[in-house]
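Me: Please take a close look at one charged side chain here and the contacts around it. Then place it in the chain as a whole. Keep it brisk.

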Amino acid sequence: DGKRLLFNDDTVDRGQGLCTHHADSLLEVELPEAGAYFVHLSDIQKKGGPAYGYRLRISARRPSFDLRVVPSAINATPGQSRTIKVYALRRDGFDGEIAMTLRNPPPGLTLSGGPIPAGKDEIELQLSVPGAPSEAPLKIGIDGIAKINGKEVVRPAVPADDTMQAFLWRHLVTTEELVVSVNKPKPKRGRR
């Protein structure tokens, strides 16, 4: 009948890392009734053409999530705890709880403070390091586990750093590894 149901230009996606121009659209709609619908897709800057790549997905929802853990490098002295933040990048309507766990942790390394509650997009966790210094940085992995449509889904928490662009936009820039350095405490300087 010619009524517009939805319109979107750009959608912010925290999983895009250093992509500074979030120009992908995302529309989610429950169609009011069965029938024919018209989808109009265009380049708002009128610069389209064969040199550009376009992808269009029209489907039922496929609930899922990705995870980012910040910071990607942690320094601590033996026995200390450090706060880390895990971001849930929820997709296609998934809003369930996500349990957090360490993947094959070295002895003495523990994680506490989860899960990410249903409907929430982030949580602060405490990472407690071993009681002795490590000779080399410890490479660790963190996983998120959730139930989606009755099935257990496991996703790695990809290490990232929270960076700012031009005093406004924030980006979760991914890195290759999540590392923890457990260093000897520095000697305290005496006062004179």
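Reply: Arg 91 counts as partly exposed, because its relative accessibility is 29% and that class runs from 20% to 50%. The model is predicted, and what follows should be read that way.

Start with the partner. The side chain of Arg 91 meets that of Asp 66 in a salt bridge, at 3.2 Å from N to O. That pair ties together parts 25 residues apart in sequence, since Asp 66 lies in strand β1 and Arg 91 in strand β3. Is Asp 66 buried, partly exposed or exposed? Asp 66 is partly exposed, because its relative accessible area of 27% falls between the limits of 20% and 50%.

Now the backbone around this pair. Strand β1 covers residues 64–70. Strand β3 covers residues 81–91. These two strands pair in the antiparallel sense, over 7 bridges. Which residue of β3 is the bridge partner of Asp 66? The bridge partner is Leu 89. So Asp 66 has two links to β3 to keep apart: a bridge to Leu 89 and a side-chain salt bridge to Arg 91. One general point helps when tracing such strands. Side chains in a regular strand alternate between the two faces of the sheet.

Strand β3 has another neighbor. It is joined to strand β6, residues 122–128, by 7 bridges, and the two run antiparallel. Within that pairing, Lys 85 has Glu 124 of β6 as its bridge partner. Lys 85 also serves as a marker for distance. From Thr 11 to Lys 85 is 74 residues in sequence and 23 Å in space, C-alpha to C-alpha. Thr 11 is found in the segment before β1. Its relative accessible area is 22%, so Thr 11 is partly exposed.

How many salt bridges does the structure hold in total? There are 7, and the Asp 66 and Arg 91 pair is one of them. Two others are worth setting beside it.

One is between Glu 28 and Arg 61, whose side chains meet at 3.1 Å, N to O. Both residues are in the segment before β1, yet they are 33 residues apart, and the pair links distant parts of the chain. Glu 28 is partly exposed at 36% relative accessible area. Arg 61 is exposed, because its relative accessible area is 54% and the class begins over 50%.

The other is between Lys 139 and Glu 177, with the closest N and O atoms 3.2 Å apart. Lys 139 sits in strand β7, residues 138–148, and Glu 177 in the loop between β9 (169–174) and β10 (178–182). They are 38 residues apart, so this pair too links distant parts of the chain. Lys 139 counts as exposed at 57% relative accessibility. Glu 177 is partly exposed, at 38% relative accessible area.

The segment before β1 deserves a stop of its own. Tyr 37 is placed there. At 37% relative accessible area, Tyr 37 is partly exposed. Tyr 37 helps make a nonpolar surface patch of about 520 Å², together with Leu 5, Leu 6, Leu 27, Val 29 and Leu 31. Asp 43 is also in the segment before β1. It counts as partly exposed, at 24% relative accessibility. Leaving out residues up to four places away in sequence, Asp 43 touches Gly 48 and Tyr 54. Asp 43 and Leu 125 are 82 residues apart along the chain, and their C-alpha atoms are separated by 42 Å.

Last, the whole chain. There are 0 helices and 10 strands. The radius of gyration is 22 Å, well over the 16 Å that the globule rule gives for 192 residues, so the chain is more spread out than a compact globule. Its C-alpha atoms fill a box of roughly 80 × 40 × 30 Å along the principal axes. Of the 192 residues, 27% count as buried. The chain exposes about 13,900 Å², with carbon and sulfur atoms supplying 51% of that area. Among contacts with a separation of 6 or more, 60% come from residues 24 or more positions apart. The Asp 66 and Arg 91 pair, 25 residues apart, joins β1 to β3 within this layout.

Notes. Residues are numbered from 1 along each chain as its sequence is written. This is a predicted model: local features need pLDDT of at least 70, side-chain atom pairs count only at pLDDT 80 or more; totals for chains, interfaces and linings use all residues. Side-chain values use heavy atoms; hydrogens and water are left out. Patches are made of residues with over 30% relative accessible area and no salt bridge: like charges are joined within 9 Å, nonpolar side chains (Val, Leu, Ile, Met, Phe, Trp, Tyr) within 5 Å. Accessible areas come from the Shrake-Rupley method with a 1.4 Å probe; for residues, only the protein chains shown count as cover. A salt bridge is a side-chain nitrogen of Lys or Arg within 4 Å of a carboxyl oxygen of Asp or Glu. Helices (H or I, at least four residues) and strands (E, at least two) are DSSP runs, numbered from the N terminus. Buried means under 20% relative accessible area, exposed over 50%, partly exposed in between (1.4 Å probe, protein chains only). The radius of gyration is taken over C-alpha atoms; the globule rule is 2.2 Å times the number of residues to the power 0.38. Contact means heavy atoms within 4.5 Å. Two strands pair if DSSP finds at least two bridges between them.
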